[in-house]
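Let's take a walk through this fold together, moving from ring to ring and then out to the charged side chains. Keep the viewer open as you read.

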Amino acid sequence: IRELADYLRYLLDHRHDSLVSLAEETEALENYLRIEKARFGQKLTTTVTVESAATNLQVPFFILPPLAENAIKHSFQNILPPWNLDFSAS
């Protein structure tokens, strides 16, 4: 529930922003992925790696969680688990 609350708080706090830092967007992504891991358990493994030099880059608000959602929803539906989702930025 905490991850869901943090995720929703992020959406509300930044709803008027067009750009956010990659660090903030990555945190929202990690909250979303924890929700999905609670749903899928051991079937889903995730890795998020962001080099420190990239954390202050500005990215469009709410771009990463939908990409992860689409990967989980559309890519994994046709293959048997375990599923692995990796995100990296440098």
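**Rings, helices and charges**

Ring pairs tie Y7, Y10, Y32, F61 and F62 together into a cluster. Before going on, please keep in mind that the model is predicted.

The structure holds six aromatic pairs. A pair of aromatic rings is described by the distance of the centres and the angle of the planes. For Y7 and Y32, the centres are 5.8 Å apart and the planes make an angle of 40 degrees, which makes this pair tilted. The two tyrosines come from distant parts of the chain, Y7 from helix α1 and Y32 from helix α2, with their positions 25 residues apart. Are these two residues buried or exposed? Both Y7 and Y32 turn out to be buried.

Now turn to another pair, F40 with W83, whose geometry is edge-to-face: 5.3 Å from centre to centre, with 90 degrees between the planes. This pair also links distant parts of the chain, since F40 sits in helix α2 and W83 in strand β4, 43 residues apart. W83 has a relative accessibility of 10%, so it counts as buried, the cut-off being under 20%.

One member of the ring cluster, F61, also leads us to a histidine. H14 is found in the loop between α1 and β1 (19-21). Leaving out residues up to four places away in sequence, H14 touches V20, E24 and F61. Its relative accessibility is 13%, and therefore H14 counts as buried.

Next, have a look at helix α3, residues 64-75. How does the span of α3 compare with what 1.5 Å a residue should give? The 12 residues should span 16 Å, and the end C-alpha atoms are 16 Å apart, so the two values agree. Within α3, the buried residues are L64, P65, A68, A71 and I72. Looking down the axis of α3, you will find these buried residues within an arc of 125 degrees, which means that they line one face of the helix. On the other side of α3, L67 and K73 are exposed. What covers the buried residues of α3? The cover includes the helices α1 (2-13) and α2 (22-40), together with the strands β2 (44-50) and β4.

Strand β4 deserves a visit of its own, and D86 is a good place to stop. D86 lies in this strand, which runs over residues 83-89. With a relative accessible area of 52%, D86 is exposed, because the cut-off for that class is over 50%. The side chain of D86 has a polar contact of 3.2 Å with the side chain of T47, and another polar contact, of 3.1 Å, joins the side chains of D86 and N84. The C-alpha atoms of D86 and T46 are separated by 5.7 Å, although these residues are 40 apart along the chain.

That leaves the charged pairs. How many salt bridges does the structure hold? There are three salt bridges. In one of them, the side chains of E3 and R34 meet at 3.5 Å, N to O. E3 belongs to helix α1 and R34 to helix α2, so this pair links distant parts of the chain, 31 residues apart. E3 is partly exposed, with a relative accessible area of 28%, and R34 is partly exposed too, with 39%.

Another salt bridge joins R9 and D6, with 2.9 Å from N to O. Both residues lie in helix α1, three residues apart, about one turn of the helix. R9 has a relative accessible area of 44% and is partly exposed, while D6 counts as partly exposed at 29% relative accessibility.

In helix α2, the side chains of E36 and R39 meet in a salt bridge of 3.4 Å, N to O. These two residues of α2 are also three residues apart, about one turn of the helix. Which of the classes does each partner fall into? At 7% relative accessibility E36 counts as buried, whereas R39 is exposed, with a relative accessible area of 60%.

Note on methods. Residues are numbered from 1 along each chain as its sequence is written. This is a predicted model: local features need pLDDT of at least 70, side-chain atom pairs count only at pLDDT 80 or more; totals for chains, interfaces and linings use all residues. Side-chain values use heavy atoms; hydrogens and water are left out. Helices (H or I, at least four residues) and strands (E, at least two) are DSSP runs, numbered from the N terminus. Buried means under 20% relative accessible area, exposed over 50%, partly exposed in between (1.4 Å probe, protein chains only). A polar contact is a pair of N or O atoms within 3.5 Å; within protein, one must be able to donate a hydrogen and the other to accept it, and residues adjacent in sequence count only if both atoms are side-chain atoms. The expected span of a helix is 1.5 Å times one less than its number of residues. The arc is that of the directions from the helix axis to the C-beta atoms. Contact means heavy atoms within 4.5 Å. A salt bridge is a side-chain nitrogen of Lys or Arg within 4 Å of a carboxyl oxygen of Asp or Glu. Rings of Phe, Tyr and Trp (its six-membered ring) pair if their centres lie within 6.5 Å; planes under 30 degrees apart count as stacked, over 60 as edge-to-face and the rest as tilted.
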